[in-house]
Every structure is written in C-alpha cells, then in structure tokens.
6 protein chains.
Amino acid sequence: MKPDPCAIEALVRAALLEDAPWGDITSEVLLPADLLMSAQLVAREDGVLCGEDVFSTAMSMAGPVAVNFFKRDSDSFSAGDVLADLSGPAHSILRAERVALNFAQRLSGIATETAKYVAETKGTKARIVDTRKTTPGLRLLERYAVRCGGGHNHRFSLSDAVLAKDNHLAALQTSTANDLTGRLRAAFARLPHTTHKEVEVDSLEQIAPVLAAGVDTIMLDNFTLEDLRAGVAQIAGRALIEASGGISLERVREIADTGVDLISVGALTHSVRSIDLGLDFSGA
Amino acid sequence: MKPDPCAIEALVRAALLEDAPWGDITSEVLLPADLLMSAQLVAREDGVLCGEDVFSTAMSMAGPVAVNFFKRDSDSFSAGDVLADLSGPAHSILRAERVALNFAQRLSGIATETAKYVAETKGTKARIVDTRKTTPGLRLLERYAVRCGGGHNHRFSLSDAVLAKDNHLAALQTSTANDLTGRLRAAFARLPHTTHKEVEVDSLEQIAPVLAAGVDTIMLDNFTLEDLRAGVAQIAGRALIEASGGISLERVREIADTGVDLISVGALTHSVRSIDLGLDFSGA
Amino acid sequence: MKPDPCAIEALVRAALLEDAPWGDITSEVLLPADLLMSAQLVAREDGVLCGEDVFSTAMSMAGPVAVNFFKRDSDSFSAGDVLADLSGPAHSILRAERVALNFAQRLSGIATETAKYVAETKGTKARIVDTRKTTPGLRLLERYAVRCGGGHNHRFSLSDAVLAKDNHLAALQTSTANDLTGRLRAAFARLPHTTHKEVEVDSLEQIAPVLAAGVDTIMLDNFTLEDLRAGVAQIAGRALIEASGGISLERVREIADTGVDLISVGALTHSVRSIDLGLDFSGA
Amino acid sequence: MKPDPCAIEALVRAALLEDAPWGDITSEVLLPADLLMSAQLVAREDGVLCGEDVFSTAMSMAGPVAVNFFKRDSDSFSAGDVLADLSGPAHSILRAERVALNFAQRLSGIATETAKYVAETKGTKARIVDTRKTTPGLRLLERYAVRCGGGHNHRFSLSDAVLAKDNHLAALQTSTANDLTGRLRAAFARLPHTTHKEVEVDSLEQIAPVLAAGVDTIMLDNFTLEDLRAGVAQIAGRALIEASGGISLERVREIADTGVDLISVGALTHSVRSIDLGLDFSGA
Amino acid sequence: MKPDPCAIEALVRAALLEDAPWGDITSEVLLPADLLMSAQLVAREDGVLCGEDVFSTAMSMAGPVAVNFFKRDSDSFSAGDVLADLSGPAHSILRAERVALNFAQRLSGIATETAKYVAETKGTKARIVDTRKTTPGLRLLERYAVRCGGGHNHRFSLSDAVLAKDNHLAALQTSTANDLTGRLRAAFARLPHTTHKEVEVDSLEQIAPVLAAGVDTIMLDNFTLEDLRAGVAQIAGRALIEASGGISLERVREIADTGVDLISVGALTHSVRSIDLGLDFSGA
Amino acid sequence: MKPDPCAIEALVRAALLEDAPWGDITSEVLLPADLLMSAQLVAREDGVLCGEDVFSTAMSMAGPVAVNFFKRDSDSFSAGDVLADLSGPAHSILRAERVALNFAQRLSGIATETAKYVAETKGTKARIVDTRKTTPGLRLLERYAVRCGGGHNHRFSLSDAVLAKDNHLAALQTSTANDLTGRLRAAFARLPHTTHKEVEVDSLEQIAPVLAAGVDTIMLDNFTLEDLRAGVAQIAGRALIEASGGISLERVREIADTGVDLISVGALTHSVRSIDLGLDFSGA
C-alpha cells in the first residue's frame with residue numbers, strides 16, 4: 001500500500017522547485033557540470049525508515065543518480081547504519097540533497113514515533129490510528145508513514161467516513177428536540193451504504209442512544225480509565241470503540257488495556273521530530 | 001513582511017481539497033445547510049501566535065464566516081486566552097476547522113519555539129536564523145513563523161545565495177589542487193553582484209583562505225565554544241560569522257556569548273510541536 | 001449534499017476555455033459589447049432537473065448575468081416549463097450558453113433516468129445505486145445527478161471502499177490454495193476500520209466462505225431471480241446484498257422484489273441521453 | 001489526425017486520479033504486488049472501435065502493462081471479437097481497468113453511432129458532422145470518435161469559425177434596422193481572412209440577404225424536406241448548405257437526398273450509449 | 001474583440017509571481033503598509049496604446065489600486081501625455097509597477113509598429129496581418145496588439161487553418177509523383193468544411209495547379225514586385241493573395257500597390273521595441 | 001548555469017500547446033505519418049547562439065527527432081553557418097519548427113545584443129547587467145541569454161535583493177523627516193543577512209547619507225559623465241557603483257570609462273530583435 005508514484009512525483013517536483021527556483025548557484029559556480037560523486041545515506045540515530053521512494057524520486061528528478069537502498073520502508077535501523085548508496089553527478093545529488101532529506105527525515109520521524117506506540121500496546125487488541133491532524137499537503141505520505149511504523153489509518157478526509165463530534169451533536173439537539181437516536185438514523189439513511197459511521201461521545205450516558213442508531217464505531221473522547229472500561233462493557237462488541245484525547249506514550253498502554261479497539265493519536269503527525277539522517281560523501 | 005495573499009490562498013485551497021475532496025458528509029447529513037454557529041479560537045497552552053491570515057482564509061474559502069482576531073501574529077498568548085471570535089454557517093466552520101487549525105497550530109508552534117531561542121540570546125548580538133530544513137511546500141509560511149517568533153531568515157533557497165559546504169570544498173580541492181582561495185574567487189566572479197557568498201568551514205585553519213577569497217559570511221560548523229571564540233577573534237569583523245550544527249535551547253546562550261553574528265537552528269522547522277489551539281462552539 | 005462550489009468552478013472554467021479559447025468571434029463582430037438580453041431556460045421534454053449550480057456558474061463566469069431558477073435540483077418538470085429566467089450582456093449569455101446547456105442537459109438526463117428506476121422499485125427496500133462507469137472527469141457531478149434522481153451512491157473510487165471482484169478472487173485462489181475465508185480475513189485486517197468491505201460472488205456456493213470472512217456487502221453478480229431469492233435467504237441479513245449485472249428498467253422491479261438491498265445500474269451514467277433544454281431569447 | 005499524445009495523457013491522468021486518489025485498496029490488500037496477469041479486451045456487442053491510444057495510455061500510466069491491439073481505431077468489430085491482448089502486473093491492470101474501459105466504451109459508442117448515420121447516407125454528397133454538444137472536457141476525443149465513425153468535424157469552438165444563429169440575427173436587426181446584408185458584411189470585414197463564415201436561417205426568405213453578404217455556409221435550421229430542396233435550389237452552389245435540427249437516424253437519408261452538403265447531428269455526442277467492452281482475465 | 005479577462009488574469013498572475021515569488025522586500029522594509037500613493041502613467045514617446053486591461057489587472061491583483069485611463073486601447077498618444085491616473089497602497093503600486101509596465105510597453109510597441117505599416121499602406125486594399133512569430137506564451141495578447149494598431153490577424157495556430165508551405169509541397173511531391181492538384185484536393189477533402197486552405201508558392205508556375213485544387217488563399221513568398229503583379233493578374237480574384245517574406249516598412253507600400261490582399265509581417269511581433277512608458281509618483 | 005530542464009520543459013510545453021491546441025492539421029492531411037525528414041538549422045545573419053536546449057526540447061517533445069548542434073550556447077556564428085542537423089518524422093519537425101525557432105531567435109537576439117555591449121566595454125571593469133524589464137514569463141531564459149552574450153545578471157526579482165528607488169526614498173522622507181541614513185539602517189536591520197542592499201540616487205548629494213547607511217551598491221541614475229566620475233571618486237570603493245538610465249550602445253563605452261562597476265541596460269531585454277534563423281529541409 002505504497003503511495004502512488006504520480007502523487008510522489010508531484011510533491012517532490014514542487015519541493016524541488018521551492019528549493020531552487022532558478023538553479024543551485026553554489027554548485028553551478030563551484031563544481032564542474034561533469035563531476036561525479038558517491039555518497040551514503042547514513043542514520044545518525046535509531047529509527048524506523050519511511051521515505052525510500054520519495055528520496056529516490058527526488059534524486060532521479062535532479063539527474064541520473066543511482067540510489068540503492070539497503071533498508072526498506074518499515075525496517076528498523078540503528079545510528080550509524082548505512083541506509084543507501086548513491087552515485088551520480090555532483091550537481092544532481094547536491095541539488096536534491098536537502099529536499100530528499102527533508103522528506104525522509106520527517107516521514108521516518110513519524111514512522112519511528114508510531115512504532116513506539118505500537119510497541120507499547122503490543123499484545124493488546126488496540127490499533128494505533130492516525131487523525132486528520134496532518135501537515136497540509138502531505139497527508140498521503142504521512143498516513144503511509146504511520147503504516148510503516150505499524151499503525152493503522154483512520155478516515156482519509158471529511159468525505160470518506162462520518163465522524164459526528166460533540167459540536168454536531170450539540171447542534172443537532174438544539175434543532176431537533178431530544179431524539180438523538182432518531183435523528184442519527186435519519187441522517188445515516190441518506191449515506192451511501194459504504195460509509196462508515198462513527199460518533200463521538202463525552203459521557204457514558206450518550207452511548208445507549210448512539211448505539212441504538214446503528215453506528216459502526218463509537219469514540220470515547222477524553223474518558224477516564226474507569227469510564228473507558230465501563231464503556232467497553234456497555235458496548236459489548238456491538239460497535240468498535242475508539243479512545244481519543246490527549247493520548248501520550250506514557251498513557252497508551254493503560255488505555256489499551258481497557259479493551260478498546262482503536263486509539264487515535266494526533267501527536268503522531270501534528271508534532272513531528274525529524275529523524276537525523278545525513279549524506280556522507282565518499283569522494284568524486 | 002506577511003506572506004502574499006495569493007500564496008496563502010493556493011496553499012489553503014489545496015489543503016481544503018485534500019481534507020474534503022467530495023464534501024463534508026458528516027455535516028451534510030446531520031446539520032441543516034442554513035444553521036449558523038458561533039465559536040471561539042482558544043489557546044489551550046501558552047505560545048506565540050502565527051497564522052491569522054491562513055486561519056481566516058481557510059474559513060472564508062469555506063463560506064461567509066466572519067473571523068475577528070484579538071491577538072495578532074507575533075503576539076504572545078496564555079493558556080485560556082480567546083484568540084479569535086468567529087461566526088457563520090455551521091457547515092462552513094466545520095468544513096474548514098481542521099485545516100485552519102492544522103496550519104495555525106504548526107505555525108504557532110514554530111513561532112513559539114523560535115521565541116524561546118530569541119529570549120535565551122537576548123542582549124547578545126546573535127540573530128537566530130532558520131535553515132532550509134523546512135516542511136516541503138510550506139517554506140514561505142514557516143519562514144514567516146520564524147520571523148513572528150523574533151527570528152530572522154537565512155537564504156530562501158539554493159537560488160538566492162551561495163553557501164559552499166564541506167562537500168563542495170572537498171570536491172573543489174580534488175579537482176583543483178590546493179588553491180582554495182583562487183578557486184573560490186574565480187567562482188564568485190561569475191555570480192551576480194547581488195549574491196551573498198557564504199562558506200562553511202570545519203576548522204580554524206580553513207578560515208584564512210576562505211576570508212581571503214572575499215566572502216560575506218563564514219559558517220563555523222560544529223565548532224567547540226573555544227574554537228568559536230578563536231574564530232570570532234580571527235575573522236575580526238571582516239565577514240559575518242554563523243554558528244551552526246546541533247544547536248539546542250540549552251547550548252544557544254553560550255554560543256551567542258562567543259560573539260557570533262548568526263546562529264542557525266534547523267530544529268526551528270525540522271521538528272515542530274504544534275501548539276494546542278481549539279475551537280469552542282458557543283451555540284447556534 | 002451539493003457538489004463543492006470550488007469543484008464546480010474548476011469544471012466550468014475548463015469547459016468555457018475548451019469552448020472558446022480565443023473568445024466568441026461571432027458575437028464579438030456581430031453584437032455591440034453593451035447589448036443586454038433576456039432569455040428563458042425552457043424544458044423541451046419532461047424530466048428531473050439537475051444542474052442549477054453548474055448552469056448559474058457558467059453564466060456568472062462569463063459576465064454579470066442574473067439567473068433565477070423556478071425549479072430546483074431534484075424537481076420534476078414538464079415539456080414547456082420555464083426552468084429559469086436570465087438576463088445580462090448578450091456577449092456573456094451567448095458565450096456561456098452551450099457550456100451551461102451541455103452540463104445541465106447531461107446531468108438532468110442522468111437524474112431523469114435514475115428517477116425512472118427509483119419509481120419502478122417504489123415500495124421495495126432496494127436502493128438504486130450508481131457505479132464507477134461515469135464519464136471521466138465528471139464523477140462528482142454525475143453522482144450528484146444520481147442523488148437528484150432519488151438514487152444513492154456506491155463507493156466514489158477505488159480508494160474509499162473494498163470491492164473484491166471475480167478477478168481478485170481468481171487471482172487470490174491461484175496463489176493461496178483454497179482458503180478463501182482465511183485469505184479475505186487476513187486482507188481485511190490490514191484495512192482501516194472505516195473501510196467498507198464488499199465481495200462479488202458468481203454462485204450461491206461462494207456466499208458461505210465470503211460471509212464467514214466478515215464482509216459488509218455481498219454482490220450477487222448476474223444471478224437469476226431464483227438464485228437471488230436463494231441468496232437473500234442464505235445471507236439472512238448478515239450482510240447487505242447488492243444485485244448487479246445487466247440491470248434494465250424492464251427487469252429492475254422483479255429484481256427488487258427478491259429482497260436485495262441494493263441494485264447497481266451502470267447504465268445510469270455509462271449511457272446518457274441528454275434532456276432537451278433550450279434558451280429562448282426574449283429580446284434585448 | 002489522432003489526438004495529441006500530451007492531451008490524451010492529461011485526460012487519462014486526471015481520470016486515474018479521480019478513480020483512485022489514494023490507491024486501489026482492494027488489490028493492495030488482496031493481491032501480491034508482484035502478481036502478473038494476462039487479459040483480453042473483448043467486444044460484447046458489435047461496433048466501431050475508437051480509443052486505442054486512450055486505453056493503452058491508461059494501462060501504461062498504471063505500470064508496465066503490454067497492450068497489443070488486433071483492431072485499430074475506425075475498424076468495425078463483432079460481438080465476441082478479441083480487440084486486444086494485455087499482460088502485466090495485476091495491480092496495474094486492475095488499477096486502470098475501469099478508466100480505460102470508461103473511455104473506450106464511450107468513444108466507441110460515438111464512433112458506432114456515427115457510422116450508422118454515415119452508412120445511411122452513403123452515395124449522397126452529404127457529410128455527417130458533429131456539433132458543440134460534446135461532453136465538457138472531452139471535445140477533442142469525441143470529435144476524433146466522430147471521425148473514426150466516418151463523420152466529419154464542424155468548428156471546434158466559438159473561437160475558430162463564425163456561426164451566426166437566430167439570436168444573433170434577432171439582436172442584430174433590433175439594433176440596426178433591417179439592413180442584414182450590410183450589417184453582416186461589416187462584421188465579416190473585421191474577421192481574419194481565415195475565418196469561415198456561417199449563418200443560420202429559419203426561412204427561405206432569409207437566404208437571399210445572407211447570401212449577398214458573402215457567407216461560406218448557410219445553415220437551414222429545422223426546414224421541411226420541401227423547403228430544404230427549395231433552399232438547395234436557391235443557393236445553387238454559392239455557399240455550402242448545412243441541414244440541422246432534430247436529425248435522427250430515421251430521417252437522415254431523406255434529408256441527405258435533398259442535396260445538402262452537411263448534416264449536423266447533435267445526438268452523436270450529446271447522448272452516448274457506451275459500447276459494451278470487457279476485460280476477460282486469462283489467469284496469472 | 002478584447003482578450004478574455006480570465007486569460008489576462010492567468011498571464012498577469014504568473015508574471016507577478018515571477019517578479020516577486022516571496023514578496024517585495026524593498027517596500028516591505030522601507031515603507032509602512034498603510035502608506036497611500038498617487039501616480040500617473042506617462043508616455044515618454046509617441047505611440048499607440050495597447051494594454052489597458054493588463055495594466056489594470058496587474059494593479060488590482062496587487063491590492064486595492066484605482067486605475068483610471070484617459071486613453072483607450074488603439075488610441076494614439078504623444079510624448080508627455082498622461083495615459084492614466086492611479087492611486088492606492090504604495091506597497092501594491094510598487095509591487096505591480098514593473099509587471100504592468102512590461103506588458104503595456106511591449107504591447108504598445110507592437111500596436112505602434114503595426115500602425116506604421118497600416119498608415120503606409122493606406123488607400124490600398126492590402127491588410128497588414130501578423131504571423132505565428134509571436135513571443136511564446138503571449139500570442140493572444142500580441143495578436144490583440146496587432147489589431148489595436150489597425151492590423152488584422154492571420155490564423156491563430158497550426159490547428160485552425162491549413163497553410164501548406166514549401167516543405168510540405170516538396171515532401172508531397174516526393175511521395176506522390178507530380179499530381180499536386182490531385183494531392184491537395186484529396187487532402188482538403190479530409191478537412192472540416194470550416195477550415196481555410198492556404199498554400200505558399202515560390203514561383204508563378206506553381207500558381208495554376210494550386211488554384212485548381214480549390215484554395216482560399218495563395219501566399220506568394222519572396223516574390224519580386226514584378227512577379228507579385230503577375231501573380232495578382234493570374235489569380236484574378238479566384239483566391240485571396242498574401243505577400244510574405246522580408247517585408248519592411250520601406251518596401252510595404254510598393255508591395256501593397258501590386259494589388260495583393262494581405263501582407264504578412266513577422267517583424268510586428270518577432271522583434272519588438274517597447275514603447276517608453278513610466279510611472280510618475282505624485283506623492284503620498 | 002543553464003536553466004533547469006524542468007523549467008524549459010514547462011515553457012516549451014505551453015508554447016507547443018499554444019501553437020497547436022488540436023494538432024497540426026496541415027501536415028496531418030498532407031503528409032503520411034511515417035514520412036521522415038532531414039533538416040538543418042541555418043543562420044541567416046551573424047550572431048551569438050542561445051537556445052540549444054529549448055530548441056532540442058521542442059523537437060523532442062513533438063516526437064523522436066534527433067538534433068545535433070555544431071555550435072553551443074555562447075558561440076558566435078556567421079550568416080550561412082549550419083548550427084544544427086536534425087532528422088526525424090516530418091510531422092514532428094514541422095509541428096515544433098515555429099516554436100523552436102521563436103525561442104531560439106529571440107534568445108539569440110538577446111545574446112547577440114548583449115555581446116555588442118560587452119565588446120564595446122572590453123578592457124574596462126564595468127559589467128553589463130540586465131534589468132527586470134524582461135518578457136513576462138520568460139525571465140529565466142532571458143537572463144540566461146544575457147549570460148550567453150557575456151553579460152551578468154542583476155537581481156532576479158523583487159524578492160531576492162533590495163533596490164530602493166527614488167519613489168521609495170521620496171515616500172520615506174515624507175514620513176520620516178530627514179534622517180535618511182537612520183531610516184535606511186533601521187530597514188536594513190530587518191533583512192536577512194544574505195540580502196544585497198542597493199539604493200538609487202539622483203544626485204551627488206544623496207551619496208553620503210546612503211553610503212553611511214551601509215549599502216552594498218549605489219545606483220547612479222541618469223548621471224552625466226562628469227557626475228559619474230565625481231560619484232566614483234566620492235564612493236571610492238566603499239560600495240559597488242551601478243550606472244543606469246538610457247544606456248545605449250553609443251554611450252556605453254564612455255560610461256564604462258568613468259570607472260563604474262556595473263552598467264544596467266534595459267534594452268537588452270525590453271526590446272528584442274530576433275536573429276534570423278531558419279530550417280532548410282534537405283529532403284525526406
């Protein structure tokens with residue numbers, strides 16, 4: 001389930017243009033156009049790789065650069081590991097270096113962080129899932145990075161699944177008396193049969209009417225551990241259960257142990273620490 | 001020096017399309033099209049604001065939403081502060097909410113982090129500057145966020161200034177014996193007269209030949225504090241001095257105290273922690 | 001659930017450019033630029049309207065043309081009905097006329113045809129749904145036209161729901177012995193929890209292993225009426241049932257009467273008869 | 001006179017993106033990425049082929065798929081004929097299948113319908129020509145399909161030929177008394193010398209003043225057979241004659257027999273019945 | 001027959017982006033954002049105006065700048081004439097100044113040069129027409145400038161009229177013996193009836209077979225005056241006659257006097273001398 | 001420092017589309033699709049070449065055309081010189097001919113004109129530099145052409161260097177009393193350290209306060225020779241000196257002899273005379 005090559009090309013092309021609208025003047029004045037170079041992509045810290053294709057695409061869009069990866073997306077690596085060899089025109093490698101690294105470091109950062117949450121919840125049935133808190137323009141890649149780290153994806157966008165949040169319910173109830181179940185059911189009836197229906201609840205009391213409307217997933221938002229356990233018991237398999245709200249690496253295990261099916265973690269993508277990767281040049 | 005409105009519109013339009021290629025099906029089935037809403041943009045932690053225009057643009061592209069900011073870009077805020085009021089069609093506000101927040105949280109995250117480095121170096125002559133380690137596609141905005149935090153910008157791209165790094169010098173010397181000064185001078189002579197010329201050095205010994213070539217800035221990369229001080233003394237105002245390499249909030253003050261002019265911090269943009277902002281709905 | 005105005009604008013803009021890359025030379029040489037006109041959009045046959053927004057957008061992109069619709073999308077109309085009044089510069093109205101009609105006639109054609117299938121199956125629980133056999137580039141609009149006719153949508157694309165067809169199953173079984181249930185289950189486990197899972201079967205025998213894998217919908221492809229009834233009985237509410245394959249207006253009622261949930265009709269969009277609409281000019 | 005490969009690529013790329021914005025999740029989870037497949041493109045009814053290049057382009061944009069056509073554009077085929085062989089990665093073929101068929105079925109539908117009109121008028125001098133009633137965005141391809149069916153093209157757009165219709169003439173006469181001939185002549189004098197000048201008339205009386213203005217083609221709109229014959233006699237070769245308005249397969253021969261030069265048929269493109277083509281998979 | 005506003009906007013937007021991808025840093029650091037300015041667009045030499053809309057569009061895309069033109073496109077002006085008044089934010093006017101002038105100066109240069117050729121041939125029946133030797137990307141505007149200067153347009157592109165040149169004829173005759181007339185006729189029969197057919201000839205002998213094929217225009221390329229006169233006599237009104245090849249302002253009158261219908265002048269657009277226009281600022 | 005291949009491709013693609021939106025109908029009806037041709041690119045006057053890559057790209061985008069240049073960009077050539085050989089499908093060569101020539105003739109025109117200014121100032125230290133008076137959309141190529149002619153580039157855009165002109169200074173002084181030096185200094189302090197700072201002065205009196213603000217270049221605009229000499233003496237190497245304003249080939253030498261560093265010549269790009277290049281076909 002790799003991202004489409006066309007989508008990658010479009011993103012990389014825009015990034016290369018952003019980073020050198022009128023050429024790389026440093027290399028152009030300093031280095032002969034026919035100078036060849038070899039280099040290694042080296043990990044400067046431990047992590048999980050994501051970004052092979054983006055990295056290779058950036059290089060090949062800049063010229064005839066051969067890139068040979070020793071690790072694949074989803075593989076773990078250690079500080080000092082050589083992740084890839086590359087060789088080609090110095091102008092091309094230096095032209096694409098920063099763009100290729102900017103992508104690979106961020107995506108590997110997301111994969112690495114995700115892997116920590118996944119490891120932490122090992123043995124439970126809880127999936128670690130992403131959110132829509134992704135970097136504008138990079139959602140396709142960032143969701144892929146979450147998968148490389150062993151996580152799963154939530155809906156892609158507002159268009160491909162229903163997720164009714166507190167504000168929807170509040171607005172609903174204002175305008176339609178109190179028949180939440182009936183109102184949800186009527187709304188769901190207008191949806192394509194392929195649409196997944198998820199509703200967020202803030203308290204145990206909301207579960208019954210929501211469940212009665214025929215939802216696929218119930219999100220228990222900012223529940224205490226105790227309430228999570230009560231919710232799991234109450235729902236009893238009649239819908240998937242997603243825990244959300246302020247999930248951290250410290251708290252994720254105890255949440256998973258409550259028996260929820262899904263734990264959504266905004267921090268996987270809204271706050272990214274790039275993994276330190278670098279190019280070591282091994283000479284002309 | 002705000003980003004161009006056209007550039008902002010293009011980025012926001014793409015983000016809105018990414019987040020709802022076929023509409024927001026949740027609101028469409030749950031809420032009447034003519035339902036109006038009011039909401040407040042509230043800070044859930046302390047920070048420095050960046051993203052007014054992006055936020056407002058996202059809302060106004062989704063419909064006739066009125067947004068009124070109480071804080072401006074570059075202003076500090078505290079947890080609990082109401083940053084803006086907004087009102088308009090519920091469909092529009094909910095359609096744009098995530099996109100508007102995704103931008104504003106990231107940019108405020110960068111501004112906030114930058115402000116910490118700037119505060120830490122207060123009273124020294126050192127500028128905190130950004131690098132090309134920005135999110136692909138968002139460089140224009142992220143550089144603006146650095147300025148909102150009190151930092152300064154480095155070159156925008158490979159096209160608008162020369163920055164010769166270790167790999168350039170290594171390649172150069174391979175192919176041109178040892179006359180680094182002469183080779184740099186010859187290269188510089190081919191540049192437009194408006195081009196700033198910066199060269200990275202890894203040791204004190206490299207300073208003299210680089211300085212003799214007529215550079216504008218010398219980057220002292222990964223120097224010890226002692227070597228930084230020696231470099232400052234040796235260069236003695238004949239070029240600007242940039243310290244770079246592994247700069248952290250902990251070390252930035254002692255580096256600034258060596259007397260360098262510029263401290264470039266990749267972490268300002270390569271690793272971003274979003275500031276927690278949220279919309280509180282105050283009813284229909 | 002109207003299509004996004006931005007999406008409509010992009011389609012209309014491209015169509016206007018296609019139809020007059022260098023201007024409308026006929027009007028330009030024949031008519032004064034300040035000549036105003038009034039016109040009526042008139043139905044020349046019975047139908048169901050779809051295309052209000054596209055029609056109005058085409059006009060307003062060509063100039064300050066006021067369009068006032070008397071029927072709304074989803075409304076039925078009869079031959080001779082005036083659907084809308086318009087007035088504005090003659091240059092603008094004539095510039096946009098063909099494009100506006102090309103869209104509205106096709107979309108109304110789809111809505112009208114859909115409405116016939118919906119009427120034919122009235123009183124049954126079967127939904128009439130569309131397929132991916134849409135005109136390249138116009139899927140968003142054509143799916144909307146199906147809804148205007150009272151139909152429902154199936155998945156939008158290959159990306160937002162699983163639909164395993166005969167070829168997938170054949171390929172699967174080649175490579176994985178005969179454990180269809182196990183193989184499907186393993187595949188489904190990799191999907192986001194929001195993904196709807198549908199599998200096509202060609203015979204009653206395939207139903208059991210597919211059902212056991214935990215599907216949401218089973219497509220009974222090209223089944224006889226008798227087999228459809230048997231399938232409905234066998235599945236017994238454990239999955240939605242979609243009938244597909246060579247559905248025609250003549251056969252749709254008897255198929256609906258078998259008790260299936262969904263009937264997908266490629267002809268709704270793969271073969272479109274435009275509804276005859278025209279502009280009658282009522283003078284300057 | 002095949003459509004430009006660049007234009008085809010742009011249309012196919014957009015259609016592929018529309019049909020799988022985030023990949024083909026069914027194949028991705030069900031089939032190994034290295035699974036190869038063979039298939040045949042088979043006609044399920046008689047027709048005239050159009051769409052070779054679009055079909056092949058869709059496949060090759062999705063991966064290294066080899067396509068070998070046995071029939072060429074403009075060739076007739078019968079139900080059961082194998083039109084092409086294809087082989088390549090299963091992921092690629094299944095990814096492009098629907099898009100490739102959507103194009104080829106529609107274009108072949110247009111070519112097939114056109115060929116019927118052409119056959120019906122065989123032996124007369126009348127050309128069957130298309131109109132601007134094409135699918136928005138697909139005019140280039142649909143005009144090509146008309147040619148594949150043996151028809152000819154009319155003007156491409158509002159920009160490349162003059163066609164003054166009743167509304168133009170009405171507006172003209174309002175504002176310029178009754179000197180139609182003089183007004184047309186003055187307008188024509190402003191045109192490039194390469195511009196073809198056609199005027200629509202609704203009655204025999206309008207022919208004389210229009211002819212006197214020096215037109216290249218006169219369109220006799222909605223004329224009776226008798227009036228068509230009278231018009232042909234009156235014009236007597238001094239301009240080309242186009243019959244238009246409600247042309248059907250039933251009436252086209254008797255219209256052609258009146259001696260007109262051109263018969264324009266909106267139905268060739270405004271109402272398209274896709275020809276039934278399918279992919280038969282012959283195993284991995 | 002003004003260029004389409006959408007086309008103008010696209011060209012101006014691209015030019016503004018080219019001229020300030022990251023903002024106008026000079027104004028931004030020097031001038032307050034709320035500083036207002038007035039200015040006049042002044043002619044520094046005589047000429048014919050073309051570019052009103054492009055100029056105004058550039059200004060209004062940069063901000064709320066009011067532009068009021070005192071001369072219109074096609075008007076003559078003298079050195080010192082004030083062509084327009086403008087007022088608005090200093091940031092906006094300075095941001096758009098160069099782009100607005102670059103367009104208006106070039107287009108006015110073309111209109112002015114064209115007007116000289118038109119004046120020189122006054123009283124003859126010869127039209128001055130442009131060629132396809134236009135600036136890549138600006139053909140729409142440059143053809144408009146030719147019209148503003150009193151000239152006429154030739155075909156827009158390779159797609160909208162036939163112009164068979166010497167190379168076509170040479171290639172034709174190689175492959176089809178010597179029946180030029182028959183070969184041309186066969187080729188023309190495949191064209192839409194709206195297509196203008198022009199053939200270039202290099203000698204008087206070629207005229208007869210070309211004329212016999214039924215062409216609309218014959219181009220006499222690089223003919224002597226004597227041969228032009230002979231060609232005019234020989235063709236005798238059976239086709240339009242275009243003189244081409246090395247036309248200069250000095251020679252154009254004697255060529256027009258030979259009785260040709262069209263004189264095509266590549267220099268109108270392939271070599272442009274910008275008219276000197278400038279902005280005079282009249283204070284804040 | 002050749003323009004980026006991607007940028008060239010985008011410009012050429014747009015130009016090819018502009019020149020044949022629906023194909024080259026002349027070649028399509030006249031010449032067999034498999035006809036091959038050879039041709040030579042021949043200079044019809046003396047000049048300096050610029051446009052190799054653009055020419056070759058245009059040809060290769062139109063088909064498998066082999067192009068072999070005998071002269072390289074920056075080389076001088078004489079009338080009659082064969083600049084390149086090409087061979088390939090006649091359809092492709094004729095399709096791309098005009099676009100390829102339009103680019104190469106204009107760029108060679110700029111290179112040739114620049115070379116004259118460079119030759120005229122030989123032996124002085126003055127650089128001939130371009131301005132922002134370039135053709136909208138073609139700045140990247142035209143700046144390259146200036147370099148091919150031996151000239152140098154000035155800033156690319158409003159974004160990459162400061163150039164404060166008379167209007168800026170006038171506006172500044174209005175709003176900030178008379179402390180020009182202080183105001184400039186404050187403004188410069190907000191700039192990135194990589195930004196080149198140039199200020200235009202109109203009189204000798206302005207030099208001192210501008211110099212005191214720490215500028216990199218001072219532009220002496222429309223100075224007499226005497227004042228230029230006085231300015232050079234006064235500045236005495238503390239900033240670069242640019243002479244500008246009405247520079248002509250006749251006056252450039254005497255200006256260079258005053259000792260200025262840079263002479264900016266708008267006419268290099270605002271008024272271009274295309275160099276006459278042509279394709280001679282040598283048969284099929």
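A salt bridge is a side-chain nitrogen of Lys or Arg within 4 Å of a carboxyl oxygen of Asp or Glu. By that rule, zero salt bridges cross the interface of domain 1 and domain 2 of chain A. The structure is a predicted model, with ipTM 0.95 and pTM 0.94. Three interfaces are covered below: chain B with chain A, chain D with chain F, and domain 1 with domain 2 inside chain A.

**Confidence**
- The average pLDDT of chain A is 94.
- In chain A, 97% of the residues score at least 70.

**Domains of chain A**
- Domain 1 of chain A takes in residues 5-117 + 272-282.
- Domain 2 of chain A is 119-270.
- Over C-alpha atoms, the two domain centres lie 36 Å apart.
- Domain 1 of chain A gives 19 residues to the contact, and domain 2 of chain A gives 23 residues.
- Together the two domains bury about 1,700 Å². Carbon and sulfur atoms give 71% of that area.
- On the domain 1 side, Ile110(A), Thr114(A) and Tyr117(A) supply 42% of the buried area, more than any other three residues.
- Polar contact links 10 residue pairs between the domains, both residues at pLDDT 80 or more.
- Salt bridges between these domains number zero.

**Chain B with chain A: symmetry**
- A turn of 180° with a shift of 0.0 Å along the axis lays chain B on chain A, at an RMSD of 0.0 Å.
- That relation is a two-fold axis.
- Val272(B) has the C-alpha nearest the axis in chain B, at 2.8 Å.
- The copies meet through the same surface, because 100% of the interface residues of chain B are also interface residues in chain A.

**Chain B with chain A: contacts**
- Contact joins 59 residues of chain B to 59 residues of chain A.
- The pair buries about 5,300 Å². Carbon and sulfur atoms account for 58% of this.
- Four salt bridges run between chain B and chain A.
- A salt bridge joins the side chains of Arg132(B) and Asp19(A), with N to O at 2.7 Å.
- Polar contact is found for 41 residue pairs across this interface, both residues at pLDDT 80 or more.
- The side of chain B that touches chain A holds 28 nonpolar, 16 polar and 15 charged residues.

**Chain D with chain F: symmetry**
- Chain D falls on chain F after a turn of 120° and a shift of 0.0 Å along the axis, with an RMSD of 0.0 Å.
- That relation is a three-fold axis.
- In chain D, the C-alpha of Ala10(D) is nearest the axis, 8.0 Å from it.

**Chain D with chain F: contacts**
- Seven residues of chain D touch six residues of chain F, by the contact rule.
- Chain D and chain F bury about 560 Å² between them. Of this, 73% is on carbon and sulfur atoms.
- Met1(D), Cys6(D) and Phe156(D) supply 63% of what chain D buries against chain F, more than any other three residues.
- Salt bridges between chain D and chain F number zero.
- Residue pairs in polar contact, both at pLDDT 80 or more, also number zero.
- The side of chain D that touches chain F has four nonpolar, one polar and two charged residues.

Terms used
Residues numbered from 1 in each chain as written. Chains lettered and ligands numbered in written order. Heavy atoms only, no water. Contact = heavy atoms within 4.5 Å. Buried area = accessible area lost by both parts, 1.4 Å probe. Polar contact = N/O pair within 3.5 Å; in protein donor to acceptor, adjacent residues only side chain to side chain. Nonpolar A, V, L, I, M, F, W, Y, C, P; charged D, E, K, R; others polar. pLDDT = per-residue confidence, 0-100. Least-squares fit on C-alpha atoms with pLDDT ≥ 70 in both. Domains from an automatic or database assignment.
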